[in-house]
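Biologist: I am new to this structure and would like to know what stands behind the words used for it. Could we go through them one at a time?

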Amino acid sequence: MGLVQVATNTVTSAVASVTLTGIDSDDVYMVALNNVTLNTSGSGFYVRVTTSGTADSDSEYDIAYKVLRADNSFANTSNTNGNLWDLTTQYVATGVSNNGILYLYNFNNSSEYSFITNETAFFWSGSNNLNGNQGGGVHTVAETNDGIHFVSDSGRTFESGTFTLYKVI
């Protein structure tokens with residue numbers, strides 16, 4: 001297995017969202033999130049597919065994942081018919097970052113649903129502990145998607161981090 005970089009965005013000053021496009025084949029794609037921080041603590045780190053470079057905000061996102069907690073019992077989280085995939089990463093904004101890997105499947109196939117698997121690690125501000133999520137999501141629309149869009153909640157901004165899209169070969 002190898003990786004070919006398709007797009008990257010290194011955030012060095014406040015931005016409301018990050019979009020990576022360039023999916024143009026039926027290959028599996030991967031997104032690496034490295035040292036991503038937001039300006040304040042909060043409850044969400046969200047993902048949407050893009051269609052022709054624009055984030056798709058319909059209510060067709062389903063997700064389920066296991067929350068892996070260092071301080072407590074593991075938990076299950078799921079949602080159907082949402083308008084985004086909620087990766088639920090949150091942390092204290094003082095130098096603590098989010099990291100993760102997403103795999104993207106069927107994005108270029110107009111006859112199939114696009115879906116992701118996600119593995120993330122982050123600092124949970126409510127319990128001052130390291131946590132992670134592992135699971136997957138599906139966008140229940142058979143359409144061609146050319147990328148992925150990241151946004152946060154309540155007007156928070158991305159302050160730093162690198163978002164990189166790769167084709168898996």
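Modeller: Let us start with the word strand, which here means a DSSP run marked E of at least two residues, numbered from the N terminus. Strand S7, for example, covers residues 75-82, and asparagine 81 has its place there. Please keep in mind that this is a predicted model.

Biologist: How many helices and strands are there in the protein chain?

Modeller: The protein chain holds 0 helices and 13 strands, and its pattern, read along the sequence, is β-β-β-β-β-β-β-β-β-β-β-β-β.

Biologist: Why is aspartate 86 said to lie in a strand, when S8 spans residues 85-86?

Modeller: A strand needs at least two residues, and S8, which spans residues 85-86 and includes aspartate 86, therefore meets the definition. Aspartate 86 has a relative accessible area of 23%, and is therefore called partly exposed, since that term covers values between the 20% and 50% limits. Its C-alpha atom is 6.6 Å from that of valine 47, although the two residues are 39 apart along the chain.

Biologist: What is the pLDDT of the protein chain on average?

Modeller: The average is 89, and 89% of the residues score at least 70, on a scale of the predictor's confidence that runs from 0 to 100. Among the elements, strand S1 (residues 3-11) has the highest mean, 98, while S10 has the lowest, 89.

Biologist: What is the phi of asparagine 81?

Modeller: Phi of asparagine 81 is near 55 degrees, which is a positive value in a residue other than glycine. Most residues other than glycine have a negative phi. Asparagine 106 is also not a glycine and has a positive phi, of about 60 degrees, and this residue is found in the loop between strand S9 (98-105) and strand S10 (113-124). Asparagine 106 counts as partly exposed, with a relative accessibility of 28%.

Biologist: Why does histidine 149 count as buried?

Modeller: Buried means under 20% relative accessible area, and histidine 149, at 11%, therefore counts as buried. Histidine 149 is placed in strand S12 (residues 147-152), and, leaving aside residues up to four places away in sequence, it touches several others, including Ser17, Val18, Tyr46 and Arg48.

Biologist: What makes the 2.6 Å between the side chains of histidine 149 and threonine 19 a polar contact?

Modeller: The limit for a pair of N or O atoms is 3.5 Å, with one able to donate a hydrogen and the other to accept it, and the 2.6 Å pair of histidine 149 and threonine 19 is listed as such a contact. Arginine 156 and serine 152 are likewise joined through their side chains by a polar contact, of 2.8 Å. Arginine 156 lies in the loop between S12 and S13, and its relative accessible area of 5% is under the 20% limit, so arginine 156 is called buried.

Biologist: How do you know that aspartate 27 and lysine 167 meet in a salt bridge?

Modeller: Their side chains are 3.9 Å apart, N to O, and the definition asks for a Lys or Arg side-chain nitrogen within 4 Å of a carboxyl oxygen of Asp or Glu, so the pair qualifies. Aspartate 27 lies in the loop between S2 and S3 and lysine 167 in strand S13, so the pair ties together parts that are 140 residues apart in sequence. Aspartate 27 is partly exposed, with a relative accessible area of 33%. A search of the whole structure finds 1 salt bridge.

Biologist: Which residues have the most contacts inside the largest nonpolar core?

Modeller: They are Val31, Phe45, Leu104, Phe150, Phe158 and Phe163, in a core of 28 residues. Several strands each supply at least two residues of this core, among them S1, S9 and S12, and S3 gives the most, with 5 residues. Phenylalanine 163 touches, among others, Ala7, Leu20, Phe45, Phe150 and Phe158, not counting residues up to four places away in sequence.

Biologist: Why is threonine 120 called buried?

Modeller: Its relative accessible area is 9%, which is under the 20% limit, so the term applies. Threonine 120 is found in strand S10, and its C-alpha atom is 8.5 Å from that of leucine 33, with their positions 87 residues apart in sequence. Over the protein chain, 43% of the 169 residues count as buried.

Key: Residues numbered from 1 in each chain as written. Predicted model: local features only at pLDDT ≥ 70, side-chain atom pairs only at ≥ 80, totals over all residues. Heavy atoms only, no water. Helix = DSSP H or I, 4+ residues; strand = E, 2+ residues; numbered from the N terminus. Buried < 20%, exposed > 50% of the residue type's maximum accessible area, 1.4 Å probe, protein only. Contact = heavy atoms within 4.5 Å. Core = buried A, V, L, I, M, F, W, Y, C linked by side-chain atoms within 4.5 Å.
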